[in-house]
Every structure is written in structure tokens, then in C-alpha cells.
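Subject: Structure handover

Hello,

Please find the structure below, handed over for your own work. My notes on it follow.

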Amino acid sequence: MTKRIIIVGGGYVGVQLAKAMDSKAEVTLIEPRSHFVHAPAMIRAVVDPQILDQGLIPYDDLLKNGQVLRARAHSITSAGVTLDDGTEVLGDYIVVATGSNNATPFKPTSDSIEAFRADNARIHAMLEAAQSVAIVGAGAVGTELAGEIAHFMPDKKVTLISSEPSLFPTMPSKLGTTLFGKLNDAGVTTIFGVRAENLESLTEPYSGALELNNGDKIAADLIFPVIGSRASSAILDTLPGISKGGANRVKTDPWLRPSDLPNVFAAGDVAESGDAMTIVAVSRQTPWLEKMLTSLINGKKVEETAKYKPWGKAPFLVPLGPLKGSSFLVLFTAGDLMTRLMKGKDLFVSKYRKMLNRT
Ligand SMILES: Cc1cc2nc3c(=O)[nH]c(=O)nc-3n(C[C@H](O)[C@H](O)[C@H](O)COP(=O)(O)OP(=O)(O)OC[C@H]3O[C@@H](n4cnc5c(N)ncnc54)[C@H](O)[C@@H]3O)c2cc1C
């Protein structure tokens, strides 16, 4: 009998895995939103809303055999998934890929794509009207946002504030120093080693004055809080043997299982598997899941399959707008040209439109 795979969440894991397993099993992808949200494009979309529609990709054409069920999963057992409306979906294997949340307007805050479009339009208008912009948090999203604003709106006064001593201090230093130099050349002011003590919102851009823990005050027409993602792991909370790591992620065993249930797996941002919360991590986990699930379909036990090995050093690409940027490519650190060709120009939009069978 054909095995049934339920995937909860149509983000990077969900879409790639559902497509890969579509001809090998009966696939049900449970996802409440009408469109896949391509996160890297959402940073540029705040500054240049033309890219928004390209990065919001309908699920309609994803699967040839399986189904995308427009619903929110409420709970999980080893027999299947119960939806918010009480419907039960039965399955042999369940993969939880509910991802993470981030600040507006980088990821949607609800299931409505229309509300997300409205958030983008509202914050783009606030950005256009602002003369000064402060970005609190200099991870990849904050740093890229500073670069995008500097490229598309060079007249804005942009300040990037980080509690770290430098940009990307855990990466080889060339990445941080070259990005710092490029931001500096583009007129972005960077402030390191300080914390904003009075952030009024952790999720919504607003206008106000930041009080820093070194005593300084920075007033800005628009303050973007960009302090990182938090996993959407509540659906796993009640499973036996669950334990949480950093950023609300669930810890997994070497076969990406988060609980005592032997046929329930978790991957992507929701799972603390040894990888960072990145698409790059998903690009390693998903082919492994495909292989492992195919072995199970062919009669193997989970423990007879190869364990998942997280990235040691993962590539990390940081565009500063469509032309500039730096990238750690494991063997070396690349500059503007490679960063532009690999990511900055198109932000992988074509790749994900193709994955969802849209041109
Ligand atoms: C602005 C931004 C830019 C980024 N850029 C990059 C980049 O350039 N490179 C990179 O490597 N990483 C990047 N990342 C990180 C990357 O987006 C995440 O690592 C990635 O989205 C994780 O994929 P996922 O499949 O785990 O979850 P997500 O992409 O978060 O998708 C989870 C899905 O699950 C659904 N869901 C949640 N709860 C339920 C439920 N109960 N029932 C059903 N469905 C549910 C959600 O609706 C969502 O569609 C970026 C992140 C942000 C915020």
C-alpha cells in the first residue's frame, strides 16, 4: 500500500520535500497561507515593493499527485495530524516544518497574504517618508536591510546598531570587515557593542528615540527591530520527550526526531538539529529527509538509515543591494561580483518560482 506522508508547514522544507516525495508517496502538505513567502526577497521588498509579487508564490501548481491542504495544524499524534477545525488527517510519517516568526514586514504575522501585502505597503510608505532610519540588530537581515536602503534610497541617513563587537564575529573575519567597509562607503553608520534599552516593539517598525546602554540617544523617523527569528514550535509542545533549545527550537535526535514518537520528524527552523536557522541548512536537511523517507517506504527501519550530519561550516551570502556584498563560500570569501551573481541580483526568486512550478 502507498505510504502517506504528512508535512506540516509549506516553507522551504515543506515545499522542497513535498515536491521530492510527490511521486513516491501520498503527500499531504498542510499550510494555512495561499502563497509561499520567499524570505530573502522580503528585505528588498520593503525598499523596492516591485519584487514583492515575485516573492509571494501560490501553492496551486506545486504538486502533481499529492494535495496542499489549506489549513492550520492543531496537534500531532503518531497516527496523524488534527487540524484547527477538528478534521483528522491520517499518515504513516509526519514531518513538522512550521518554521519561525520574524519582525514585520519580513515574515507574515498571520495566515493572510493580503494582510502581509498591506503591511509591506504601510512600512514602505513609512520608509519613503523617513529621513533617518535606525536598524537594531546586525544579523543577516539587519545588515542586508541597511545595504538595500543605502542602494535604493541613498539620501536616507541609516544607522545600524549591534550588541556584537563587529559584523558576524563568529565567521572568518574577512566577511565582517569587507561588509563593514562597504556599508561605510555607502554612508551607513555602524555602532557596535551597544544595546538599545527601550525598544518599544520587538516586531513592528516605529518612529521614536533609542536609548543605548552607553548613554547615547538616537532619534530616528523609522526604527526597525531586527533581532532574529523565533521558532513556531508550539504544536510540538505536548508530544512526549520534547525538549527545547535556543530561540524556542525543539531538539532532535540524529534522525531529526523531536519526541518519543518514532515516525514524527522535524526540520528547518523549528528543529535544533545542529544547523543554523537558514535556507542553506534546509538545503542539506531536505535531501537527507527525502533519502531517509524513501528508505522507510522501501521497508527499512529509521535506525538502519544514515544519521543526519549538520553543516560544519555552511556558506553564508550577504548582499548589500543588487550590486554589492560579500559571501563566505567555505573555501574563501567572495566579493561583489560573486555575491551579486549568486544572490544579490535575483535573490533566488527564479529558483523558488521554478520549485513551485511558476514562471
Ligand atoms: C527576512 C529574512 C530573510 C532571510 N534570508 C535568508 C537567506 O538569504 N538565506 C538563508 O539561508 N536563509 C535566510 N533566511 C532564513 C530562512 O527564511 C529560514 O531559515 C527558512 O524560512 C526556514 O524554512 P522552514 O521551512 O523551516 O520554515 P518557514 O519558511 O518559516 O515556513 C514555515 C511554514 O509553516 C507554516 N506553519 C506554521 N505553523 C503551522 C501550523 N500549525 N500548521 C500548518 N502550517 C504552519 C507557515 O505558514 C509557513 O509557511 C531569512 C529569514 C528572514 C526572516
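Where is the place of Ser 233? Ser 233 sits in the loop between strand 16 (230-231) and strand 17 (250-251). Before going further, please note that this is a predicted model.

To stay with that residue for a moment: Ser 233 has a relative accessible area of 0% and is buried. Its side chain and that of Lys 244 are joined by a polar contact of 3.1 Å. Setting aside neighbours within four places in sequence, Ser 233 is in contact with Lys 244, Asn 248, Val 250 and Val 270.

Overall picture

The protein chain has nine helices and 22 strands. Its radius of gyration is 21 Å, close to the 21 Å that the globule rule gives for 359 residues, so the chain is as compact as a globular protein of that length. Along the principal axes, the C-alpha trace spans about 65 × 40 × 40 Å.

Of the 359 residues, 51% are buried. Among contacts with a separation of 6 or more, 62% are between residues 24 or more positions apart. The accessible surface comes to about 15,900 Å², and carbon and sulfur atoms hold 52% of that surface. As for charge, the chain has 38 positive and 37 negative charges, and the mean positions of these two sets are 7 Å apart.

Helices 1 and 2

Val 15 belongs to helix 1 (residues 12-21). With a relative accessible area of 1%, Val 15 is buried. Not counting residues up to four places away in sequence, Val 15 touches Gly 10, Phe 36, Tyr 59, Leu 62, Met 355 and Leu 356. One of these partners, Phe 36, is 21 residues from Val 15 in sequence, and the C-alpha to C-alpha distance between the two is 8.4 Å.

In helix 2 (residues 39-47), eight of the nine residues are buried, so this helix is largely enclosed by the rest of the structure. The buried residues of helix 2 are Pro 40, Ala 41, Met 42, Ile 43, Arg 44, Ala 45, Val 46 and Val 47. Note that Arg 44 is in that list.

The loop between strand 10 and helix 4

Asn 102 lies in the loop between strand 10 (100-101) and helix 4 (113-129). Asn 102 counts as buried because its relative accessibility is 13%, and the cut-off for buried is under 20%. The side chain of Asn 102 makes a polar contact of 2.9 Å with the side chain of Ser 229. Beyond residues up to four places away in sequence, Asn 102 touches Lys 107, Gly 228 and Ser 229.

Pro 105 has its place in the loop between strand 10 and helix 4 as well. The peptide bond that joins Thr 104 and Pro 105 is cis, with omega at about 0 degrees.

Thr 104 also leads to Glu 204, which it meets across 100 residues of sequence at a C-alpha to C-alpha distance of 5.5 Å. Glu 204 is found in the loop between strand 13 (189-191) and strand 14 (206-211). At 26% relative accessibility, Glu 204 is partly exposed. Its contacts, without residues up to four places away in sequence, are Thr 104, Arg 122, Ile 223 and Pro 225. With Arg 122, the contact includes a polar one between the two side chains, at 3.4 Å.

Backbone points to check

Most residues other than glycine have a negative phi, and most peptide bonds are trans. Against that background, two residues are listed here for their phi values.

Phe 168 is not a glycine, yet has a positive phi of about 45 degrees. Phe 168 is in the loop between strand 12 (157-161) and helix 6 (173-185), and is buried with a relative accessible area of 9%.

Val 330, not a glycine either, has a positive phi of about 75 degrees. The place of Val 330 is in the loop between strand 21 (324-328) and strand 22 (333-334). Its relative accessible area of 35% makes Val 330 partly exposed.

Regards

Conventions:
Residues numbered from 1 in each chain as written. Predicted model: local features only at pLDDT ≥ 70, side-chain atom pairs only at ≥ 80, totals over all residues. Heavy atoms only, no water. Helix = DSSP H or I, 4+ residues; strand = E, 2+ residues; numbered from the N terminus. Rg over C-alpha atoms; globule rule 2.2 N^0.38 Å. Buried < 20%, exposed > 50% of the residue type's maximum accessible area, 1.4 Å probe, protein only. Contact = heavy atoms within 4.5 Å. Areas by Shrake-Rupley, 256 points an atom, 1.4 Å probe, with all protein chains shown as cover. Lys, Arg positive; Asp, Glu negative; His and termini not counted. Charge placed at Lys NZ, Arg CZ, Asp CG, Glu CD. Polar contact = N/O pair within 3.5 Å; in protein donor to acceptor, adjacent residues only side chain to side chain.
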